[in-house]
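Reader: I am new to this structure and would like to know the grounds for the words used to describe it. Could you take me through them one at a time?

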Amino acid sequence: QVQLVESGGGSVQVGGSLRLSCAASIYPYSGRCAGWFRQAPGKEREGVARLHTENGSAYYADSVKGRFTVSQDNTKRTLYLQMNSLQPEDTAMYYCALTTTRSGDLCHTPLSWDKFNYWGQGTQVTVSS
């Protein structure tokens, strides 16, 4: 079975930092596009970062460039999202997701959430001002 489990969310003050983790129980792990998405109440789900699990190439939404960093530990099959300089607009439920291996080569192109096949339950991030 496939299982993605996010952790690391919480409440922080403006300007603070959090590091989210996503443990992926999926085989094979490589050759996929991994994504971090977020969804705030009343808003659509949006992609914030992507990473190709095979070569580690990373891509970011303009709104988080310079503040967020996506990475992975291949041996642990774990994805990370380091979030710095957090702002109130970053408040949302954050999800990690993975595509199938056949879609991994598309990771360099922005991918909407419906292209990702496997999802975690999410972890809440709240930034107070």
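Reader: Why is Asp90 called buried?

Author: In this predicted model, Asp90 has a relative accessible area of 0%, and because the word buried is used for values under 20%, Asp90 counts as buried.

Reader: What makes the contact between Arg67 and Asp90 a salt bridge?

Author: The two side chains meet with a distance of 2.8 Å from N to O, and since a salt bridge needs a side-chain nitrogen of Lys or Arg within 4 Å of a carboxyl oxygen of Asp or Glu, the pair Arg67 and Asp90 qualifies. Arg67 lies in the loop between strand 6 (58-60) and strand 7 (68-73), whereas Asp90 lies in the loop between strand 8 (78-83) and strand 9, so this pair ties together parts that are 23 residues apart in sequence. As for the other partner, Arg67 has a relative accessible area of 17%, which is under the 20% limit, and therefore Arg67 is called buried as well. Salt bridges that share partners join Arg67 and Asp90 with Arg38 and Glu46 into one network.

Reader: Why do Arg38 and Glu46 receive different words for their accessibility, buried for one and partly exposed for the other?

Author: Arg38 stands at 5% relative accessibility, and because that is under 20%, Arg38 counts as buried. Glu46 stands at 32%, which falls between the 20% limit for buried and the 50% limit for exposed, so Glu46 counts as partly exposed. Their side chains meet in a salt bridge at 2.8 Å, N to O.

Reader: How many salt bridges does the structure hold, and what makes Lys65 and Asp62 one of these pairs?

Author: The structure holds 4 salt bridges. The side chains of Lys65 and Asp62 meet at 3.3 Å, N to O, and because the cut-off is 4 Å, they are counted as a salt bridge. Both Lys65 and Asp62 are exposed, a word kept for residues over 50% relative accessible area.

Reader: What is lined by Arg38 and Glu46, and why is the lining described by class as it is?

Author: Arg38 and Glu46 are among the residues that line the largest cavity, including also Gln39, Ala40, Lys43 and Thr91. A search of the whole structure finds 1 cavity of 30 Å³ or more, and the largest cavity has a volume of about 40 Å³. By class, its lining has 2 nonpolar, 2 polar and 5 charged residues; Asp, Glu, Lys and Arg are the residues that count as charged.

Reader: What makes the sheet with the order 1-3-8-7 an open one, and which strands stand at its edges?

Author: This open sheet is formed by 4 strands with antiparallel pairing. Strand 1 (3-7) and strand 7 stand at the edges, each with a single partner strand, so one side of each is left without a neighbour in the sheet. The twist averages 15 degrees from one strand to the next.

Reader: How do you know that strand 3 and strand 8 are paired?

Author: They are joined in the antiparallel sense over 6 bridges, and because at least two bridges are needed for a pair, the requirement is met. Within this pairing, Cys22 stands opposite Leu79 in strand 8.

Reader: Which strands pair with strand 11, and in what sense, parallel or antiparallel?

Author: Strand 2 (residues 10-13) runs parallel to strand 11 and is joined to it by 4 bridges, with Val12 opposite Val127. Strand 9 (residues 92-98) pairs with strand 11 in the antiparallel sense over 3 bridges, with Met93 opposite Gln124.

Reader: Which residues of strand 11 belong to its covered face, and which to its uncovered face?

Author: The covered face of strand 11 (residues 123-128) holds Thr123, Val125 and Val127, while the uncovered one holds Gln124, Thr126 and Ser128. In a regular strand the side chains alternate between the two faces of the sheet.

Reader: Why is Ser85 called partly exposed, and what is noted about its phi?

Author: Ser85 has 36% relative accessibility, and because this value lies between 20% and 50%, Ser85 counts as partly exposed. Its phi is near 50 degrees, a positive value in a residue other than glycine, and Ser85 is found in the loop between strand 8 and strand 9.

Terms used:
Residues numbered from 1 in each chain as written. Predicted model: local features only at pLDDT ≥ 70, side-chain atom pairs only at ≥ 80, totals over all residues. Heavy atoms only, no water. Buried < 20%, exposed > 50% of the residue type's maximum accessible area, 1.4 Å probe, protein only. Helix = DSSP H or I, 4+ residues; strand = E, 2+ residues; numbered from the N terminus. 1 Å grid on protein atoms, 1.4 Å probe; cavity = no way out; pocket = protein on both sides within 12 Å on 5 of 7 lines; lining within 4 Å. Points joined across faces, edges and corners; volume = space filled by probe spheres on them. Axes fitted to C-alpha atoms, helices over the stretch in contact; angles between N-to-C directions.
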